[in-house]
Amino acid sequence: MTLRFAYNTNGAANHRLDDALQLIKAAGYDGVALTLDIHHLDPFAENWSAEAGRVASLLERLELACVIETGARFLLDPTAKHEPTLVTADAAGRARRVGFLKRACEIGAMLSAEAVSFWAGVPKPGVDREEAKGWLRDGLTEVAAFANQAGVVPCLEPEPGMLIETLDDYATLAIPGLKLALDTGHCLVTGEREPAAAVREFADRIGTVAIEDMKRGSHIHLPFGEGDMDVPGVLEALEEVGYGKLICVELSRESHRADVMIPQALDYLRTCRRPGPVVAAGQETRRQL
């Protein structure tokens, strides 16, 4: 089977959305992982619905499929990164996160997205973790039900350091309709499983996949060839399980050279299993920030 690749717009944060989409298309990707943000289809803008319709039309013209990502840093609170979350002690804050995720699902439906990806959050010091799990289950159940009604696939991404950190944490939730957003690099950070083994074990529950390089134990998204990821092994596992959805490259620290990294990352993915040496995507001379 032919694997399908996308590039996450959080790695093109210095580009206008339209320009980023054009770069992604020109490089030869099959789709885009669209991180909703203040400058990339702001879900809280007054004209969000019209903008979503415009972007949907652009994606259709470019023949790009998409996944909706919700990891923008300061979209909900300009004073606190990634806050509020589904495990924030303040009920109004949790409701704001739920509302955002529902809006992401609405946008996902308008863009015919393959999936909408989100995460749990980090409980603040002093928050009882069992109580936080209750808040989380309530929020996830509400969002998953809304997503399924809207016709999009809700996917929870285990994140290092968050309340749902590992694949086992995800599995214990058993929320109806909630699929797994598998970031293969996170397996190297937590050390829970080899990424290829995770693909095979959770194949029937995966709703979307992210890929990048990472070093073991270090949660830093790296260009291919700069970490410990067995990228060919992961791609082989995805082929083995018949994974046909987008595989999303997430290089969130590379926006300053997105013009270089967008095509180089795809070239690496397409050539890393061929005989002979492969030039790592991060080995060109780095330009100044």
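These questions and replies cover strand pairing, salt bridges and confidence in a predicted model.

Me: How are residues numbered, and which ones count?
Reply: Numbering starts from 1 along each chain as its sequence is written. Local features need pLDDT of at least 70 and side-chain atom pairs 80 or more, totals for chains, interfaces and linings use all residues, and side-chain values use heavy atoms, without hydrogens and water.

Me: What makes Arg16 and Asp19 a salt bridge?
Reply: A salt bridge needs a side-chain nitrogen of Lys or Arg within 4 Å of a carboxyl oxygen of Asp or Glu. The closest N and O atoms of Arg16 and Asp19 are 3.5 Å apart, so the pair meets that rule. The count by this rule is 16.

Me: Why is Arg16 called exposed?
Reply: Exposed means over 50% relative accessible area, buried under 20%, partly exposed in between (1.4 Å probe, protein chains only). Arg16 has 64%, so it counts as exposed.

Me: Why is Arg193 called buried, and Glu192 partly exposed?
Reply: Arg193 has 15%, under the 20% limit, so it is buried. Glu192 has 24%, so it falls in between. The two form a salt bridge at 2.9 Å.

Me: How do you know that strands S5 and S6 pair?
Reply: Strands are DSSP runs (E, at least two residues), numbered from the N terminus. Pairing takes at least two DSSP bridges. S5 (residues 154–156) and S6 have two, and run parallel. Leu156 stands opposite Leu180 in S6.

Me: Where does confidence stay under 50?
Reply: pLDDT is the predictor's confidence in each residue, from 0 to 100. Residues 284–289 stay under 50. The chain mean is 95.

How values were computed. Helices (H or I, at least four residues) and strands (E, at least two) are DSSP runs, numbered from the N terminus. Contact means heavy atoms within 4.5 Å.
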